[in-house]
Structure formats: C-alpha cells, structure tokens
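Take a look at the chain shown below. Keep the sequence and the 3D view side by side as you read.

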Amino acid sequence: MAENMFRQDPADALEWREPGMKREGIREAFRTLRDITAVVTHLPGDELAVQVAGCLALEAGARLDVLQVVPMPVTAAEAWALIPDPALAERHERLRAEAAERAHALTRKIAERKVQGAVRTLEAHYVAPPALAADAARHADLVVMGRATGSSQHMHTSHAYFAALLLATGRPLLVVPEGTAARLPPRYVTVAWTDTAEATRALHDAMPLLEEAETVDIVIVDAAAGDHDPVLTSADSIMAHLRAHGVHTHLITCSSRGSSVGHALLRQATRRHAHLLVAGGYGHGRLRERALGGTTRELFMESSIPVLFSH
C-alpha cells in the first residue's frame, strides 16, 4: 500500500512556481508560519495535500509534521474475557506494520522536499480518528488536509475529518481538493466576506498568503440595496486594513441568482480565475448546516480549488 502511495508526484497537478523560477530566501509574509501539520485521512487526496504542505513549509522555512491516525479495532469488554483475543492482537500488529510502512514513505517525501519535519502516528482505540487528529493538530500555525472525490463513503470520511479539524483545533484549515490544478502560493484570491467573526478570522489567518497575492477580491453575495448595508460598510473597513498590509484589493458584489451563496462564491472564484478561496466556516453552526445544507458544506464539497477555512 505504502509503495504505491507516491508512485506519481501529485505536485504535477499543481502549479507551484513559474517555470525556471528560483526560490530566493524565505518569503517575508510567510515568516509567521513556523509549524505546518498535514493530516493524512487514508484517502485519495492525501498525496497532494502532503505535497502542498511540504511546498508551503519550504517557502516559509517552517517545520512540517505529517499526522496519521490508525483506527484500532476493539472488542466489547467482558468480565470473563481474561485472555486477550489473539486474532485481535494479530490484526493490531498488522495495522502497526502498515502504518510504519506508510510513515517511512512519508518521511522520505519530507526529506525530498528538503524541509524539517517528522511523521507522527497515533492509534485510535476508543476515540474517533478525526477527533484524535484534531487534538494533536492544535499546536500548528496551519493545518492542511486533502479532500477526496468519488464515492460517498470517501466524502463522508473527508467531511468528518474536516469538521473535527475546523471546529476543534482553533487553527486555520487549508483544504486541498484531489486533483486541483490551482497555483500555490496563490496569485489571485477570492475572500468570501460577511460581517462575522468567522469571516474576519479567516481573512486574518490567510494574511501570509494574501500579502503575496497579486489581487485579492472581497466578494459579497446578495448585498442589500443602497449604501447602508452593514456588510458593505464592514468591507470598506477590511479593505482599508488590507491595503495597510500592502494587499491589492477589489470589492465585488454579486447576486446568488436564485441559487445558494456557496454556488455564487464558486462561480465568482471561477470567473476571476482564483487560485485560493478564503472563507469563515460554520458561521451558522454545524448542526444547522448539516440539516439544511450551507455555505461551508458546499465550499468544502464542491470547490475545485484550495479553500482556507477558519472558525
């Protein structure tokens, strides 16, 4: 399994620098990124996410930790079961051996990227793997994960990791869709703007990337008519703040045209050839979004470019 994990360099699908461009020192804006954690979900998309995290770590001069959580099967406790089940013990050993093989392959990829870092392997016995991963990723300046496409089971597993990492780490989460061809660091960025704490947090967490971009679009969907919409007022303030950081910004208002806010944002990002989308996550609460659908879920499930979420 681990032997095939990196048989093709997934960075081939990702434009990282201009052809022939040489890296000249650490990007000044990236100096706030000192620790980056890539979380392995054991799904297609992990390869590209690790490559993206490694490239960001190289640009920032940061440490890269790759975190894999191994689900370990358990048996129900029984008062008379004094002797461990040998079949279960054998299965545990097999899972540990597979995890060690994957860790070896991942360690090799980290070394090839010429960044400092390590692979951490955790065993999930009586806790869900996404929750354990979230607990272990709280130290990072940035968390990176892949988003698998394809089967509904893959999407369900990806979303479970996404929700845990976004809600339980308190850290910005960069989601890299499987097969994305977007450029990183991004040249063109779309910021989904609402006058909320989540949107503000996402924008500030993305600042190292925004400062390196050529153009940052502040996009408001379905703004109220007239000049007294508080979202428009807040956008003026946030654009002034970005300009103070040397960020070149545009304000764009658009209509959802009877669809959803998420789809309107994705259309706008496509129209502007964005390489990155920045958005606050679960501003209306996860349970409401799960029941009714919502912008966060749509952006996670449907974006074809990387999305940086914060909560």
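This report goes from the whole chain to one strand and then to one pair of helices.

## The whole chain

This is a predicted model. The protein chain has ten helices and ten strands. It holds 311 residues, and 50% of them count as buried. Here, buried means under 20% relative accessible area.

Now consider contacts in the protein chain with a separation of 6 or more. Residues 24 or more positions apart account for 81% of them.

## Strand S1 and its neighbours

Start with strand S1, residues 35-40. Is this strand largely enclosed or largely open? Five of its six residues are buried, so S1 is largely enclosed by the rest of the structure.

S1 has a partner in strand S2, residues 63-71. The two pair in the parallel sense, over six bridges. One bridge can be found by name: Asp35 has Arg63 in S2 as its partner. S1 also pairs with strand S4, residues 142-147. These two strands run parallel as well, joined by four bridges. Here Thr37 has Val143 in S4 as its bridge partner. In a regular strand, side chains alternate between the two faces of the sheet.

## From S1 to S2

Which helix forms a unit with S1 and S2? It is helix H1, residues 46-60. Together, S1, H1 and S2 make a β-α-β unit, and this unit is right-handed.

## Helix H3, an enclosed helix

Next comes helix H3, residues 129-136. Six of its eight residues are buried, so H3 is largely enclosed by the rest of the structure. The buried ones are Pro129, Pro130, Leu132, Ala133, Ala134 and Ala136.

What do these buried residues pack against? They pack against S1, S2, strand S3 (117-124) and H4. Strand S1 thus appears again, now as a neighbour of H3.

## How H3 meets H4

Two packed helices are described by the angle between their axes and the distance between the axes. Helix H4 covers residues 152-168. The axes of H3 and H4 come within 8 Å and cross at roughly 35 degrees. The crossing is right-handed.

Which residues make this contact? On the H3 side they are Pro129, Pro130, Ala131, Ala133 and Ala134. On the H4 side they are Ala160, Tyr161, Ala164, Leu165 and Ala168. How do the residues of this contact divide into nonpolar, polar and charged? Ten are nonpolar, with no polar and no charged residues.

Technical notes: Residues are numbered from 1 along each chain as its sequence is written. This is a predicted model: local features need pLDDT of at least 70, side-chain atom pairs count only at pLDDT 80 or more; totals for chains, interfaces and linings use all residues. Side-chain values use heavy atoms; hydrogens and water are left out. Buried means under 20% relative accessible area, exposed over 50%, partly exposed in between (1.4 Å probe, protein chains only). Two strands pair if DSSP finds at least two bridges between them. A crossover is right-handed if, with the strands pointing away from the viewer, the path from the first strand over the helix to the second runs clockwise. Axes are lines fitted to C-alpha atoms, for helices over the stretch in contact, and angles run from 0 to 180 degrees between N-to-C directions. A crossing is left-handed if the near helix is turned anticlockwise from the far one by less than a right angle, and right-handed if clockwise. Contact means heavy atoms within 4.5 Å. Ala, Val, Leu, Ile, Met, Phe, Trp, Tyr, Cys and Pro count as nonpolar, Asp, Glu, Lys and Arg as charged, and the others, Gly among them, as polar.
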